[in-house]
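Dear colleague,

I am passing on the structure we spoke about, together with some notes on what turned up in it. Please have it open as you read.

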Amino acid sequence: MTRMIDQVEEILESIYSKNSSGGDNIIAILQDIQNELGYIQEDAVDWFARRTGIPASRFYGVVTFYSQFHLTPRGKNIVTVCSGTVCHVKGAPRIVSRLQQDLHLKDDNGTTKDMQFTVENVNCVGACSIAPVVLVNEKVFGKQTPEKMIRNLKPYK
């Protein structure tokens with residue numbers, strides 16, 4: 001356990017060194033924490049708050065304002081369902097429902113117990129012409145149906 005704590009400490013120290021010359025840019029620090037640790041961990045925020053003298057509440061204010069930041073661990077594969085108006089009308093809710101059923105999730109934004117998938121809804125991905133749209137990691141799947149989406153997930157399992 002101590003070794004893991006030492007590794008995290010090294011990562012945080014590296015992030016601090018990288019960002020301290022830029023005037024303690026909270027967004028850059030949080031992006032680096034998330035890239036290195038997978039999500040924004042409370043211990044990491046507390047460490048930076050102590051180290052920089054910036055209140056933890058300012059870090060959390062940024063984390064909760066921007067949807068790019070996550071306070072909980074996420075799955076290996078991120079399934080992003082567009083729920084904008086066009087996608088919604090063309091069947092996004094049915095896709096979400098089927099994903100929840102197939103992946104055994106209880107809500108719209110959830111992570112599977114095996115940490116293989118996280119399903120999330122977003123307001124718009126800007127691809128209305130191929131609605132409904134689902135992204136798996138960064139691969140775009142357009143004109144989806146619940147059945148097509150389940151087939152498209154098979155290579156990721």
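Five salt bridges are found when the whole structure is searched, and, since this is a predicted model, they should be read as features of that prediction. One of them joins the side chains of R74 and E120, with 3.0 Å from N to O. Because R74 sits in the loop between α4 and β1 while E120 belongs to strand β3, this pair ties together parts that lie 46 residues apart in sequence. The two partners are covered to unlike degrees: R74 counts as partly exposed, at 23% relative accessibility, whereas E120, with a relative accessible area of 16%, is buried, because the cut-off for that class is under 20%.

Another salt bridge is formed by the side chains of R98 and E147, at 3.8 Å from N to O, and it links distant parts of the chain, R98 being in helix α6 and E147 in helix α7, 49 residues apart. Both of these residues are partly exposed, R98 at 28% relative accessibility and E147 with a relative accessible area of 45%.

Helix α6 also supplies D102, whose side chain meets that of K157 in a salt bridge of 2.7 Å, N to O, where K157 lies in the segment after α7 and the two residues are 55 apart in the chain. Here D102 is partly exposed, with a relative accessible area of 26%, while K157, at 55% relative accessibility, counts as exposed.

Turning to the interior, the largest nonpolar core has 22 residues, and those with the most contacts inside it are V79, V81, L99, V119, M149 and L153. Two or more residues each are given to this core by β1 (77-82), α6 (92-103), β3 (117-122), β4 (134-136) and α7, and the largest share, five residues, comes from α6. In soluble globular proteins, nonpolar side chains tend to be buried together.

On the surface, there are two patches that you may wish to look at. K90, K143, K148, R151 and K154 gather in a patch of positive charge, and, of these, R151 is found in helix α7, which spans residues 146-153. A nonpolar patch of about 300 Å² is made by I27, F65 and Y66; among its members, Y66 lies in the loop between α4 (56-65) and β1 and counts as partly exposed, at 34% relative accessibility.

With best wishes

How values were computed: Residues are numbered from 1 along each chain as its sequence is written. This is a predicted model: local features need pLDDT of at least 70, side-chain atom pairs count only at pLDDT 80 or more; totals for chains, interfaces and linings use all residues. Side-chain values use heavy atoms; hydrogens and water are left out. Patches are made of residues with over 30% relative accessible area and no salt bridge: like charges are joined within 9 Å, nonpolar side chains (Val, Leu, Ile, Met, Phe, Trp, Tyr) within 5 Å. Accessible areas come from the Shrake-Rupley method with a 1.4 Å probe; for residues, only the protein chains shown count as cover. A salt bridge is a side-chain nitrogen of Lys or Arg within 4 Å of a carboxyl oxygen of Asp or Glu. Lys and Arg count as positive and Asp and Glu as negative; His and the chain ends are not counted. The place of a charge is taken as NZ of Lys, CZ of Arg, CG of Asp or CD of Glu. Helices (H or I, at least four residues) and strands (E, at least two) are DSSP runs, numbered from the N terminus. A nonpolar core is a set of buried Ala, Val, Leu, Ile, Met, Phe, Trp, Tyr and Cys residues joined through side-chain atoms within 4.5 Å. Buried means under 20% relative accessible area, exposed over 50%, partly exposed in between (1.4 Å probe, protein chains only).
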